[in-house]
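Student: I am new to this structure and would like a close look at a single part of it, followed outward into its surroundings. Please take your time and connect one point with the next.

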Amino acid sequence: MLRVAIVGRPNVGKSTLFNRFCGTRKAIVGDESGITRDRIQMSTEWRGRRLEFLDTGGMVPDTDEIIPSKVFGQVEQAIAESDLLLWVVDGRAGVTPLDRQLLPFLHKAGKPFWIAVNKLDVPELDAHVAPFYSLGGGEVFGVSAEHNRGVAAILDAIADLVQEEDAEPPGDEAESEIAVAVVGRPNVGKSSLVNRLLGMERTIVCETPGTTRDAVDTRLVREGKAYRMIDTAGIRRKGRTEARTERIGVIMARKHLSRADVALLLLDAEEGVTKLDAAIGGYASESGCSVLIVLNKWDKVAKDAYTLEHYTDSIRRRMKYLAFAPIITVSALTGQRVPKLFALIDRAWEERRLRVPSGVLNNIFALEAEKSWVTRNPAHRWDIGYITQSRGVPPTFVVFTSTSKPLHFSTERFIVNRLREKFGFFAVPIRLRQRLKKRRAGRAASKR
């Protein structure tokens, strides 16, 4: 599979072109300069060839500012991992001093590079390609990523570089991967934890809240198991999210929760549980993914015999809907207990795919119907005829009732608790769907 890094100065349309290549809105785009910070990668297929593209942040060399310098470091890593560089420039602006400043760096990288002259939205602007031939790229293309002009020509040329023996796409890797989304409010250490799990600086870490904007996917193989680590943007309160880029980042973070198998809900142990943490926990619960509550920065907490008990009580009180989620304390900075997360992730992933035969379910709950718990109180009537587990994740159980009235909430809670006692469902949300008995038309009419 050929790997192509998309590089260039800020605000030339790299992310827009990346999204065109991949056929999806993977990277956040906008009119602001410097939106992309981390490198984002995604595979696609063109003419039967498997291609991988890496979107990178805008390159600003020789800068003392923290984030631009870290972005430049991310670009250097993307270049080192790539087979071909696609240098994106702004055709309407012409060859700028910053473009010329980047030219020696690209030559020094030792990788072949092509030039994509972007923002040529109409044929009348195609003549603006000519000045860029002086930069010495292997191929020069005139394109408009915004209007999809010339994009296919670049994909054709890249596909021609792929060897015939590599043309057949491999099997679907996504089926065997465990997708792990790291979520939380800004500046709780999400990127630090992802980097610690990966064993490298994959995402930019900075004390400035909101450093991560795009959701950054990275594939990791550990002890024969594949993981897809998803570092998401920090989720703020709606009223505090003013910039358009941040609003999109929050929307994307919530969207990526829906495709995750396991969510690591990161909390700041120094600050304790906040209302925003509870709201984000609600998003994770609604998404249907398994949830592990991770108390980060545990190395900075003054501890006594009741410290962990105090934190656990606070979390359980504020996040009653995540009573099924285990709590683990870690330090992303020192690596304390971080490796233990993999065993918990594996267990959560396996148990969310657990299926219970209908016969076993109904035998268990037939015994419950005979117990005093369901006969002592009229509210606890056992009006259940049949229980079965539907396909898919999270585990969903369909309850067919023998009455037209919905089950009492305490009965629903009892069913879920019994399922956990018998079968585990570690860190997994359990869904119940009721199928009420239909009332006969004649009986309904007689009551009118």
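**A residue, then the sheets**

Tutor: Leaving aside residues up to four places away in sequence, valine 291 touches Ala263, Leu265, Ala284, Leu322, Phe324, Ala325, Pro326 and Ala427. The model in which these contacts are found is a predicted one. Valine 291 belongs to strand β11, which covers residues 290-296, and because its relative accessible area is 0%, valine 291 counts as buried. One of its contacts, Ala325, also shows how the chain brings separated positions together: valine 291 and alanine 325 are 34 residues apart in sequence, yet their C-alpha atoms are 5.5 Å apart in space.

From this single residue we can turn to a whole strand, β4, which spans residues 84-90 and has 7 of its 7 residues buried. The covering holds for both faces of β4, since Leu84, Leu86, Val88 and Asp90 are buried on one side, while Leu85, Trp87 and Val89 are buried on the other.

On one flank, β4 runs parallel to strand β1 (residues 2-7), and 4 bridges join the two; within this pairing, alanine 5 has leucine 85 of β4 as its bridge partner. On the other flank, β4 runs parallel to strand β5 (residues 113-118), joined to it by 6 bridges, and here leucine 86 stands opposite tryptophan 114 of β5. To get from β4 to β5, the chain passes through helix α3, residues 97-109, in a right-handed β-α-β crossover.

These strands are part of an open sheet of 6 strands with mixed pairing, in the order β2-β3-β1-β4-β5-β6. At its edges stand β2 (40-46) and β6 (140-142), and each has a single partner strand, so one side of each is left without a neighbour in the sheet. From one strand to the next, the twist averages 25 degrees. Toward the β2 edge, the pairing is of the antiparallel kind: 7 bridges join β2 to strand β3, residues 49-55, and tryptophan 46 has arginine 49 of β3 as its bridge partner.

Helices lie against this sheet as well. Helix α3 packs on it with contacts to β1, β4 and β5, and the direction of α3 makes about 175 degrees with that of β4. Helix α4, made of residues 151-159, also packs on the sheet, touching β1, β2, β3, β4, β5 and β6, and its direction makes about 115 degrees with that of β3.

Elsewhere in the chain there is an open sheet of 3 strands, again with mixed pairing, ordered β13-β14-β15. Its edges are formed by β13 (384-390) and β15 (431-435), each of which has a single partner strand, so one side of each lacks a neighbour in the sheet. Averaged over this sheet, and with direction ignored, neighbouring strands are turned by 25 degrees against each other. Strand β14, residues 396-401, pairs with β13 in the antiparallel sense over 6 bridges, and isoleucine 387 has valine 399 of β14 as its bridge partner. Across β13, β14 and β15 lies helix α11, residues 409-423, which runs at about 130 degrees to β15.

Terms used: Residues are numbered from 1 along each chain as its sequence is written. This is a predicted model: local features need pLDDT of at least 70, side-chain atom pairs count only at pLDDT 80 or more; totals for chains, interfaces and linings use all residues. Side-chain values use heavy atoms; hydrogens and water are left out. Buried means under 20% relative accessible area, exposed over 50%, partly exposed in between (1.4 Å probe, protein chains only). Contact means heavy atoms within 4.5 Å. Two strands pair if DSSP finds at least two bridges between them. A crossover is right-handed if, with the strands pointing away from the viewer, the path from the first strand over the helix to the second runs clockwise. Axes are lines fitted to C-alpha atoms, for helices over the stretch in contact, and angles run from 0 to 180 degrees between N-to-C directions.
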